[in-house]
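User: Hi! Could you walk me through the charged pairs and the main pocket in this one?

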Amino acid sequence: MREDPVMTRTRIGIYPGTFDPIHLGHLDVIRRATTLVDRLIIGVAINAGKDPLFTLEERTRMVEADINALMAANALNGARIEVRPFQSLLMHFAHENGADMVIRGLRAVSDFEYEFQMAANNKRIYPRIETVFLMASETSQFISSRFVKEIHHLGGDVSSLVSRAVLAMLDGKRGRARADAT
């Protein structure tokens, strides 16, 4: 008896982002994405245009720490997770990793136009790879890395927006910035 190749094929998804820093909204999308794929590759992107606070290595470590916490809590629906930095075109990264889909989170209608244009261009580059949009849950649709950094920099409490590990790294950056200023 032959196995159905569709039933045995591994579904691979890419969830790309700058993750500067990773926050609970990202983790919500990651948890939900694991219901769609067997293997999820979290692509930590170099994006010089965003002028990241954290280095690529620091951002990769933050993502790995948060993923390890999700794995310890058995919150990843049995999906295998990998965290990989990348600096190439997203669709080249997705193709090189055998991805079936790119997963993108949408917080608000304002995100949609940009993401829709990107998805159309990505489809032109690799028609086989689908873009899947996951709407942010109502508890995380207001969170962005930019707001986390700004609130924290100005002394606000972001402990409900990021993990303890990320908060410690933010505190470390703020402490170093204060020491450098004196």
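Analyst: Happy to. Let's start with two residues that sit out of solvent's reach by the accessibility criterion: R104 and E115 are both buried. Keep in mind that this is a predicted model.

User: How far apart are the closest N and O atoms of R104 and E115?

Analyst: They are 2.7 Å apart, and the two residues form a salt bridge. R104 belongs to strand β4 (residues 101-106) and E115 to helix α5 (residues 109-125), so the pair links distant parts of the chain, 11 residues apart.

User: Which residues do shared salt-bridge partners join into one network?

Analyst: That would be R39, E82 and R84.

User: And how many salt bridges turn up in the whole structure?

Analyst: The search finds 10. One of them is between the side chains of D20 and K149, at 2.7 Å from N to O.

User: Where do D20 and K149 lie?

Analyst: D20 is in the loop between β1 (12-17) and α2 (24-33), while K149 is in helix α6 (residues 145-153). They are 129 residues apart in sequence, so this pair ties together those parts.

User: Is D20 buried or exposed?

Analyst: D20 is buried, with a relative accessible area of 4%.

User: OK, what does R32 pair with?

Analyst: R32 forms a salt bridge with D28, and their closest N and O atoms are 2.9 Å apart. Both residues lie in helix α2, 4 residues apart, which is about one turn of the helix.

User: What are the relative accessibilities there?

Analyst: R32 has a relative accessible area of 30%, so R32 is partly exposed. D28 is at 11% and counts as buried.

User: Switching to pockets: what volume does the largest pocket have?

Analyst: About 1,100 Å³.

User: Which residues lie nearest its centre?

Analyst: G17, T18, K50, R104 and E115, out of 41 lining residues. So our opening pair comes back here: R104 and E115, joined by a salt bridge, are among the residues nearest the centre of the largest pocket.

User: Which elements give two or more residues to that lining?

Analyst: β1, α2, α4 (90-96), β4, α5 and α6 do. The largest share comes from α5, with 6 residues.

User: And how does the lining of the largest pocket divide by residue type?

Analyst: The lining has 18 nonpolar, 15 polar and 8 charged residues.

Methods
Residues are numbered from 1 along each chain as its sequence is written. This is a predicted model: local features need pLDDT of at least 70, side-chain atom pairs count only at pLDDT 80 or more; totals for chains, interfaces and linings use all residues. Side-chain values use heavy atoms; hydrogens and water are left out. A salt bridge is a side-chain nitrogen of Lys or Arg within 4 Å of a carboxyl oxygen of Asp or Glu. Buried means under 20% relative accessible area, exposed over 50%, partly exposed in between (1.4 Å probe, protein chains only). On a 1 Å grid over the protein atoms alone, a cavity is a set of points where a 1.4 Å probe fits but cannot get out, and a pocket is an open set with protein on both sides within 12 Å along at least five of seven lines; lining residues have an atom within 4 Å of a point. Grid points are joined across faces, edges and corners, and a volume is the space filled by probe spheres set on the points. Ala, Val, Leu, Ile, Met, Phe, Trp, Tyr, Cys and Pro count as nonpolar, Asp, Glu, Lys and Arg as charged, and the others, Gly among them, as polar.
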